[in-house]
Amino acid sequence: MRDTIYANSQGPVKDFTFDESVVEVFPDMIQRSVPGYPTIISTIGKLAGQFHQANSNIYDLGCSLGAATLSMRKHIRQPNCKLIGVDNSAAMIEKCRRHVQGFKSEVPVTLELADINDIAIENASVVVMNFTLQFVPPARREALLQKIYDGLKPSGILILSEKLKWQDDKMQQVIDELHLDFKRANGYSELEISQKRSAIENVMKIDSQATHLERLQQVGFTSASIWFQCFNFASFLAIKSDNYSQ
């Protein structure tokens, strides 16, 4: 379905939530709002195929409708791997379950309705947060990343996709305008763009590239870098050292 959630004037705009109305149009919303999204999803699958380990867990934290989960599932070749998708939206989890069931595979997928801050990360070789951390309260982000790092096996990876901000105001303005032109080219009106911005500004708090890299280093990752970027959207790859000892 086409995203028309903000097509009509709403007066006071409510804070954005991943409710049933968003779930119904989410594929269209994300494709028309996030430049490079198909490339990110397909490459998450390839990276999971390269780095997953036998007898391990593979996590998709903030799995939404399961795009990253299904992409990774196609590339799992090692034995005894389990995919675990977690989301705190009941509507997302329900639709994700139907998507997963629609594709046959011998790789088991478990879906959990939960807050990712509250679950355990254990025996993981791959963890994905695809535009998820930006919705986690800033004060809880380092603890969440520390939990992920501690739960990764040596040589395990974290794939972290996020919208970025710039410390240079002039550059921020240039990049923002490029993103707005992307949304306009995909059919969003000025009213839709304005109302979506108002809805999301209180629930999505974005960080700079430097902040992300510093935080990843702080929790223990010695190898971390952006592997993809288009305008103000980027995806990081962080690799846990293979000489880490418990």
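Start at Met72 in this predicted model. Leaving aside residues up to four places away in sequence, Met72 touches Ile44, Gly45, Ala48, Ile58, Tyr59, Asp60, Leu83, Val126 and Val128. That list is a handy way into the interior: Met72 and Val126 touch the most other members of the largest nonpolar core, which has 40 residues.

Who else contributes? Two or more residues of this core come from each of helices H1 (20–33), H2 (37–51), H3 (67–73), H4 (90–101) and H7 (190–200), and from each of strands E4 (124–130), E5 (152–165) and E8 (233–239). H2 gives the largest share, with seven residues. There's also a second, separate core of 26 residues, and among its members are Leu158, Leu164, Leu216 and Phe236. As a general backdrop, nonpolar side chains tend to be buried together in soluble globular proteins.

Now follow E4 itself. How many of its seven residues are buried? Seven of the seven are, so E4 is largely enclosed by the rest of the structure.

Strand pairing is the next thing to look at. E4 pairs with strand E1 (residues 57–61) in the parallel sense, over four bridges, and here Asn57 stands opposite Ala124 of E4. E4 also runs parallel to E5, and six bridges join these two strands. If you want a spot to click on, take Asn130, whose bridge partner in E5 is Ser161.

Finally, trace the chain through E4, helix H5 (residues 138–151) and E5: together they make a β-α-β unit, and that unit is right-handed.

Note on methods: Residues numbered from 1 in each chain as written. Predicted model: local features only at pLDDT ≥ 70, side-chain atom pairs only at ≥ 80, totals over all residues. Heavy atoms only, no water. Core = buried A, V, L, I, M, F, W, Y, C linked by side-chain atoms within 4.5 Å. Buried < 20%, exposed > 50% of the residue type's maximum accessible area, 1.4 Å probe, protein only. Contact = heavy atoms within 4.5 Å. Pairing = 2+ DSSP bridges. Right-handed = clockwise from strand over helix to strand, strands pointing away.
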